[in-house]
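Subject: Handing over a structure

Dear colleague,

I am passing on the structure below, together with some notes that I hope will help you find your way around it. Please have the model open while you read.

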Amino acid sequence: MFKRSVYKSPVELRSMVAAGAATAAALDEARRLIAPGVTPLELDAAAERVIRGLGGRPNFQLVPGYRHTLCVSVDDDVVHGIPGDRPFRDGDIVSVDGGAEVAGWNGDAAFTVVLPDAARPEVVAARETLSSVTEQALWRGIAALAGARHLNEVGAAIEDYVRGEGDYGILTDYVGHGIGRSMHEEPPVFNYRVDRRGTAVRPGLVVAIEPMIVAGSLDTFVRDDEWTVTTSDGADAAHWEHSVAVHDRGIWVLTAADGGAAGLAPLGVEPVPIP
Ligand code: MG
């Protein structure tokens with residue numbers, strides 16, 4: 001069904017490590033800097049500096065019509081928010097998505113943070129739970145990949161977990177994807193159960209898993225900027241993502257500095273560096 005090129009060779013898998021590491025470093029820098037009063041454009045510039053300093057280039061800038069290194073989506077914006085100059089405020093829930101291309105290979109990852117707000121503890125707590133459920137959904141999906149025979153087991157694991165955590169919606173308008181020479185490749189990676197098994201999981205498969213979870217209706221629209229995806233009912237949204245490689249000896253989270261060890265340990269999965 002899918003081209004052989006869905007699967008990378010061992011040499012190609014090793015070539016993707018640098019792009020994953022540059023992506024991780026750029027997002028770690030964005031996470032370190034994010035605070036009330038800081039602007040999304042400042043995060044964007046910092047992430048670009050990190051990527052270029054590691055010999056890469058921001059791959060979001062390779063998407064036709066997009067000029068930034070990051071997407072920064074605040075509150076009811078789910079994904080694809082364009083970094084602007086409105087400073088972050090107390091209590092914002094902020095999703096930051098970015099990627100690096102190094103030596104022709106790509107990484108793609110995202111995280112969500114909630115800024116403190118002493119005046120609105122209930123809002124902050126609800127947003128932190130939403131982000132935590134989304135992050136844990138990502139790790140469940142990655143852990144499922146480690147033992148999966150077919151790719152769509154990932155979405156089933158994500159959906160089963162999210163359904164058990166409360167009244168959350170899994171966005172269906174956008175899904176994860178294969179990644180390699182291009183940032184977006186076959187196959188699609190669903191964040192929910194589908195009635196097809198999907199691509200065979202075997203060494204050489206590299207996918208970006210990226211659950212987008214909302215605290216309300218699944219209905220979204222694209223803002224007048226033609227990029228930003230926003231919930232129609234104004235509900236909060238969170239987005240977490242990693243690029244993950246399947247190789248001969250196990251899996252390795254390319255866009256986590258520790259290969260995913262900390263996130264996967266509670267789930268009984270130990271990532272193995274790409275040999
Ligand atoms: Mg992605």
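**The sheet around strand 4**

Val-72 stands opposite Val-96 in strand 4, and this pairing is a convenient place to begin, with the caution that the model is a predicted one. Strand 2, residues 70–74, is joined to strand 4 by 5 bridges, and the two run antiparallel. Strand 4 is also joined to strand 7, in this case by 6 bridges and again in an antiparallel manner. Within that second pairing, the bridge partner of Asp-97 in strand 7 is Ala-110, while Gly-98 stands opposite Ala-109.

Taken together, these strands form an open sheet of 3 strands in the order 2-4-7, with antiparallel pairing. Strand 2 and strand 7 each have a single partner strand and stand at the edges, so one side of each is left without a neighbour in the sheet. From one strand to the next, the twist averages 15°. Helix 2, which spans residues 17–33, packs on this sheet and touches strand 2, strand 4 and strand 7, and its direction makes about 15° with that of strand 7.

As for strand 4 itself, which covers residues 93–98, 6 of its 6 residues are buried. Both of its faces are covered, with Ile-93, Ser-95 and Asp-97 buried on one side and Val-94, Val-96 and Gly-98 buried on the other.

**The magnesium ion**

Which residues supply the protein donors of the magnesium ion? They are Asp-108 (OD), His-177 (NE2), Glu-210 (OE) and Glu-241 (OE), and they lie 2.1 to 2.4 Å from the ion. Along the chain, these donors follow the spacing D-x68-H-x32-E-x30-E. Asp-108, in the loop between strand 6 (105–106) and strand 7 (109–114), and His-177, in strand 9 (residues 176–178), are 69 residues apart, and the pair links distant parts of the chain. Both Asp-108 and His-177 are buried.

**A residue in helix 4**

The last residue to look at is Gln-136, which has its place in helix 4, residues 121–147. Is Gln-136 buried, exposed or partly exposed? Its relative accessibility is 26%, and because buried means under 20% and exposed over 50%, Gln-136 counts as partly exposed. In space, Gln-136 and Trp-240 are 9.0 Å apart, C-alpha to C-alpha, although 104 residues separate them in sequence.

With best wishes

How values were computed:
Residues are numbered from 1 along each chain as its sequence is written. This is a predicted model: local features need pLDDT of at least 70, side-chain atom pairs count only at pLDDT 80 or more; totals for chains, interfaces and linings use all residues. Side-chain values use heavy atoms; hydrogens and water are left out. Helices (H or I, at least four residues) and strands (E, at least two) are DSSP runs, numbered from the N terminus. Buried means under 20% relative accessible area, exposed over 50%, partly exposed in between (1.4 Å probe, protein chains only). Donors are N, O and S atoms within 2.8 Å of the metal (3.2 Å for Na, K and Ca); water is not among the atoms, so sites may look incomplete. Two strands pair if DSSP finds at least two bridges between them. Axes are lines fitted to C-alpha atoms, for helices over the stretch in contact, and angles run from 0 to 180 degrees between N-to-C directions. Contact means heavy atoms within 4.5 Å.
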